[in-house]
Amino acid sequence: MKRFLRNYMRSPAAVIGLILLLVIIFMAVSADWFFPNDPLSLAGRPLQWPGQNPRFWFGTDNSGRDIAAQIFHGARISLLIGLVATSIAVSIGIVIGAIAGYYGGWVDDVLMRVTEAFQTLPNFLLLLLFVSIFGSDLTTVVVAVGAVSWPAPARLTRAEFLSLRSREFVEACHTLGMRDRQIIFREILPNALPPVIVYASVVMAVAILLEAALAFLRLSDPNVASWGNLIGLGRDVLRVQWYVSAIPGVAILVTVLAVSLVGQGLNDALNPRLKGRGGPT
């Protein structure tokens, strides 16, 4: 653990990413303390610029709602979407990739053809299809984002299993008569997880951007304080009150950058020999 932390802290970019991510987490945790009222309730005169009224740190939006309150509470939504959607995508990807890589043959062919079928269409088009069919409440959006993001973790897990299934410890497990399920999830998977965990940071960043894109198109849940919803709301006054869209846009940029830098740091810490060759792609 000490060696891992030492390797992680050697990267200034990774440290900056961790600090930024901790700031976002602090905003999410402290939202009720700084802004105890409903962030979507009317708070003052519409379209007040940041600094114009000391009550509103970042001004107010088209409806007179406090932008700062929406930014703090929106941090919860973005982190929730990122974490839950990533968990769904990685879980599905691990199961499919592990089975395909372990058994090979026709099982691998079938599962990889299904994976490629999902990858033929852009994630966002599939996401639009899910939302149009099942609705746009927050739960549906989170599940849909996770459901369209699993192919890449599946292919990565499969590649790791293909390289590990012929190792000596796997042969020893077969000799001892262990079941396939035990070999897959208790013996091979722990050795295949590090690159998948690193790649999860990419999935999380993409999940946050996908929800923001949906909200910008007003296809996400309008009943939550989402950064994407705020950007979409500011689109109507972009030429004169650009700050309504710019402030949540910066928040999304910082969050995605933080997650990406932390992922790069994890990659360097877990694979010190690959440092300098770039993070997960």
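**Charged side chains and their partners**

Being 3 residues apart in helix 4, E116 and R113 are separated by about one helical turn. In this predicted model, the two side chains meet in a salt bridge, with N and O 2.9 Å apart. E116 is partly exposed, its relative accessible area being 31%, and R113 likewise counts as partly exposed, at 44%. The pairing extends to a further residue, since R113, E116 and R155 are linked in a network of salt bridges. Side chains of opposite charge can pair when their charged atoms come close.

Helix 4, which spans residues 105–119, also holds D108, and this residue is joined to R158 of helix 7, residues 151–164. The side chains of D108 and R158 form a salt bridge with an N to O distance of 2.7 Å, and the pair links distant parts of the chain, the two residues being 50 apart. D108 has a relative accessible area of 8% and therefore counts as buried, the limit for that class being under 20%.

Another link between distant parts of the chain joins helix 3 to helix 2 through R76 and D32. The closest N and O atoms of this salt bridge lie 2.9 Å apart, while the residues themselves are 44 apart in the chain, R76 belonging to helix 3 and D32 to helix 2. On the surface scale, R76 is partly exposed with a relative accessible area of 32%, and D32 is also partly exposed, at 42%. Across the whole structure, the search finds 6 salt bridges, among them the pairs R76 with D32, D108 with R158 and E116 with R113.

Between the two helices that R76 and D32 connect runs a loop, and R65 lies in this loop, which falls between helix 2 (12–34) and helix 3 (67–103). R65 has a relative accessible area of 17%, and because buried means under 20%, R65 is placed in the buried class. Its surroundings can be described through its contacts, leaving aside neighbours within four places in sequence: R65 is in contact with P39, L40, S41, L42 and A43, with G59 and T60, and also with Q70 and L233. Of these partners, Q70 falls within the range of helix 3 (67–103).

Definitions and conventions
Residues numbered from 1 in each chain as written. Predicted model: local features only at pLDDT ≥ 70, side-chain atom pairs only at ≥ 80, totals over all residues. Heavy atoms only, no water. Helix = DSSP H or I, 4+ residues; strand = E, 2+ residues; numbered from the N terminus. Buried < 20%, exposed > 50% of the residue type's maximum accessible area, 1.4 Å probe, protein only. Contact = heavy atoms within 4.5 Å. Salt bridge = Lys/Arg side-chain N within 4 Å of Asp/Glu carboxyl O.
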